[in-house]
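Trainee: Got a minute to go through this one with me? I'd like to start with a single residue and work outwards.

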Amino acid sequence: MTSIFEQALGEDFARLQPMLRKRFGVGLDSGYACIGRGVMTRVRRGPWWTVPFLQIGKIRNILIPDVGTDVPFTIENYPYRDPFGRETVTFVREYRMREKPSRFDATMVLSNGAVLDYLGTHQHLAVDLDLSVEADGSLHLRSGAQRFYEGRFVAFRFPMLFSGRADLRESWDDAAQLYRVKLEVVNPVFGFLFGYEGEFRCEFPSASDAPARLKPVRHEQRQ
């Protein structure tokens, strides 16, 4: 078995820069996690009217309303098997811009040959991800359709008018021996909502499960 990212990318996975292949090789069969620590050189948001939108997302660790420069952060990628038997990888980020860190929770599974990203503490949003490999071996991630789930009976396609599309690139800087990341979230009508760029280094401890503190409060079966 290969990682969910290798399965989604297929032969293109081999085109990733080797350190990115290791980073996105996290899985139950690989037997390790990836813990990154570094600095976001810039965390920014859109105009003032985006703040209420971001504050709502903060309630369930989906979006971050804070801004700053040289912000210490961590990202923890652990593999585990969820209650529905799906191999899952955590993407939990913490940003220390104030005394209490801001946290962004995501968990990813493989769905119909592509990576599906559940956002938030209760996996309220299921987001389709499109992954590709750039000519320099970096990873390019773009978000697509989003579905909202709450309880047993609430399920609908989330209108993009009230959300945003994410565009993320991760690369390896061979000279500096570290990872670089840049993200922008843009609303199709209102424009730029949120973004960051930064750098980090990783360690790869052995792991066959994720700590409970990184798992969502509720797992969602619907995709």
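Trainee: Which strand is Thr88 in?

Mentor: Thr88 is found in strand S4. Keep in mind that this is a predicted model.

Trainee: Is Thr88 buried or exposed?

Mentor: Its relative accessibility is 1%, so Thr88 counts as buried. The cut-off for buried is under 20%.

Trainee: What does the side chain of Thr88 have for a polar partner?

Mentor: A polar atom of the Thr88 side chain lies 3.1 Å from the backbone oxygen of Arg86.

Trainee: And which residues does Thr88 touch, leaving out those up to four places away in sequence?

Mentor: Tyr78, Pro79, Tyr80, Asp82, Thr107, Met108 and Val109. Of these, Thr107, Met108 and Val109 bring us to strand S7, which covers residues 106-111.

Trainee: How do S4 and S7 run, parallel or antiparallel?

Mentor: They run antiparallel, and two bridges join them. In that pairing Val89 stands opposite Met108 in S7.

Trainee: How many residues of S7 are buried?

Mentor: Five of its six, so the strand is mostly covered.

Trainee: Which strand else does S7 pair with?

Mentor: Strand S8, residues 114-119. Six bridges join S7 and S8, again in an antiparallel arrangement. Leu110, for instance, stands opposite Val115 in S8.

Trainee: What sits between S7 and S8?

Mentor: Two residues; the strands form a hairpin. Asn112 is in the turn and has a positive phi of about 55 degrees.

Trainee: Changing topic: how many aromatic pairs are there?

Mentor: The structure holds ten. One of them is Phe24 with Phe91: the ring centres are 6.5 Å apart and the planes at 20 degrees, so the pair counts as stacked.

Trainee: Where do Phe24 and Phe91 lie in the chain?

Mentor: Phe24 is in the loop between helix H2 (18-23) and strand S1 (34-45), while Phe91 is in the loop between strand S4 (87-90) and strand S5 (92-95). The pair therefore ties together parts that are 67 residues apart in sequence. Phe24 and Phe91 are both buried.

Trainee: What about Phe73 and Tyr95?

Mentor: Stacked as well, because their planes are at 20 degrees, with ring centres 6.2 Å apart. Phe73 belongs to strand S2 (residues 68-77) and Tyr95 to strand S5, 22 residues apart, and the pair links distant parts of the chain. Phe73 is buried, as is Tyr95.

Trainee: Which residues are in the cluster with Phe73 and Tyr95?

Mentor: Ring pairs connect those two with Trp172, Tyr179, Phe194, Tyr196 and Phe200.

Trainee: Which arginine lies over the face of Phe24?

Mentor: Arg23, at 5.1 Å from the ring centre. There is also Arg44 over the face of Phe192, at 4.3 Å from the ring centre.

Trainee: Last topic, then. How many disulfides does a search of the whole structure find?

Mentor: Zero. Cys34 is in no disulfide, and the nearest cysteine sulfur, 3.5 Å away, is that of Cys202.

Trainee: Why does that Cys34 and Cys202 distance not count as a disulfide?

Mentor: The two sulfur atoms would have to be within 2.5 Å, and here the one of Cys202 is 3.5 Å from that of Cys34. Seen from the other side, Cys202 is in no disulfide either, and its nearest cysteine sulfur is that of Cys34.

Trainee: Is Cys34 buried or exposed?

Mentor: Cys34 has 0% relative accessibility, so it counts as buried.

Notes. Residues numbered from 1 in each chain as written. Predicted model: local features only at pLDDT ≥ 70, side-chain atom pairs only at ≥ 80, totals over all residues. Heavy atoms only, no water. Phe/Tyr/Trp six-rings, centres within 6.5 Å; stacked < 30°, edge-to-face > 60°. Helix = DSSP H or I, 4+ residues; strand = E, 2+ residues; numbered from the N terminus. Buried < 20%, exposed > 50% of the residue type's maximum accessible area, 1.4 Å probe, protein only. Lys NZ or Arg CZ within 6 Å of the ring centre and 35° of its normal. Polar contact = N/O pair within 3.5 Å; in protein donor to acceptor, adjacent residues only side chain to side chain. Contact = heavy atoms within 4.5 Å. Pairing = 2+ DSSP bridges.
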